[in-house]
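Hello,

Here is the structure I promised to pass on to you. Please open it alongside this message, and then read on for what turned up.

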Amino acid sequence: MVLGPAAAEREVAFRHGIRAGQRPHVADPRLRAVWVVVLTTFDTDEHIFDAIRAVASGFLLKNTEPDDLRAAGRTVAAGDALLSPSVTRRVIAAAHGHRTDPGRLARLTEREPELLAEVAAGRSNDEIAGRLFLSPATTRTYVSRLLSKLDARDRAQLVHIAYESGLVRPGGPGR
């Protein structure tokens with residue numbers, strides 16, 4: 001695809017922003033707890049997935065209402081993740097078409113993929129605990145281990161991994 005001058009400039013700015021977002025996680029381990037919400041006009045699959053892989057715990061389009069933007073900040077600060085509704089549809093559609101890395105789950109225990117599927121279904125730790133007959137503390141431990149084993153920063157990346165690996169699919173069982 002050939003970009004015009006204005007589009008090329010925006011593309012460079014977006015890529016620079018993604019690279020800038022990666023730096024705190026690499027350069028200063030004290031900043032690993034920094035949560036980032038990408039606010040952009042770019043809603044292509046490439047931009048969405050690049051942002052999520054690099055730094056984003058949230059991905060919102062610039063047409064997001066101010067109240068929703070404030071709520072997004074609180075959501076991400078609480079350690080959760082979010083995507084704009086139109087972006088969520090695209091992520092799910094893209095994930096449905098991609099089953100790229102099932103081997104990534106090979107290092108998980110027999111129980112961990114079950115937990116990962118529950119996270120991918122959008123369930124909270126308490127909901128997962130109830131469904132799988134675990135204590136909330138055990139559920140938190142499992143989710144923490146999943147984050148570590150799969151080198152994921154947050155639940156949003158766990159969801160991405162679950163779809164990319166083919167563990168879950170849109171509209172699949174348990175939804």
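To start with a question: in which loop is F133 found? It sits in the loop between α6 and α7. Please keep in mind that this is a predicted model.

F133 also has a backbone feature you may want to look at: its phi is near 60 degrees, a positive value in a residue other than glycine. With a relative accessible area of 77%, F133 is exposed, because the cut-off for that class is over 50%.

D151 belongs in the same part of this email. Its phi is positive too, about 50 degrees, although D151 is not a glycine. You will find D151 in the loop between α7 and α8, and at 67% relative accessibility it counts as exposed.

Another loop residue is S124, placed between α5 and α6, the latter covering residues 125–132. S124 counts as partly exposed, at 32% relative accessibility. Its C-alpha atom is separated by 9.6 Å from that of T139, with the two residues 15 apart along the chain.

T139 leads on to the helix packing, since it is one of the α7 residues that touch α5. How do α5 and α7 (residues 136–149) pack? Their axes are 10 Å apart and make an angle of about 95 degrees. The two helices are therefore roughly perpendicular to each other, as angles of 65 to 115 degrees fall in that class. On the α5 side, the contact is made by E112, L115, L116 and V119. On the α7 side, T139 is joined by Y142, V143, R145, L146 and K149. Sorted by class, this contact has 6 nonpolar, 1 polar and 3 charged residues.

Now for the pocket, which may interest you as a computational chemist. The largest pocket holds about 480 Å³ of space. Its lining is made up of 22 residues, and those nearest its centre are A81, A120, G122, A156 and V159. Two or more lining residues come from each of these elements: α2 (45–54), β3 (82–83), α4 (85–97), α5 (112–120) and α8 (155–164). Which element gives the largest share of the lining? That is α8, with 5 residues. As for chemical character, the lining divides into 13 nonpolar, 5 polar and 4 charged residues. Helix α5 thus appears twice in this message, as a contributor to the pocket lining and as the packing partner of α7.

Happy browsing, and do write back with any questions.

Best wishes

Notes: Residues are numbered from 1 along each chain as its sequence is written. This is a predicted model: local features need pLDDT of at least 70, side-chain atom pairs count only at pLDDT 80 or more; totals for chains, interfaces and linings use all residues. Side-chain values use heavy atoms; hydrogens and water are left out. On a 1 Å grid over the protein atoms alone, a cavity is a set of points where a 1.4 Å probe fits but cannot get out, and a pocket is an open set with protein on both sides within 12 Å along at least five of seven lines; lining residues have an atom within 4 Å of a point. Grid points are joined across faces, edges and corners, and a volume is the space filled by probe spheres set on the points. Helices (H or I, at least four residues) and strands (E, at least two) are DSSP runs, numbered from the N terminus. Ala, Val, Leu, Ile, Met, Phe, Trp, Tyr, Cys and Pro count as nonpolar, Asp, Glu, Lys and Arg as charged, and the others, Gly among them, as polar. Axes are lines fitted to C-alpha atoms, for helices over the stretch in contact, and angles run from 0 to 180 degrees between N-to-C directions. Angles under 35 degrees count as roughly parallel, over 145 as roughly antiparallel, 65 to 115 as roughly perpendicular and the rest as oblique. Contact means heavy atoms within 4.5 Å. Buried means under 20% relative accessible area, exposed over 50%, partly exposed in between (1.4 Å probe, protein chains only).
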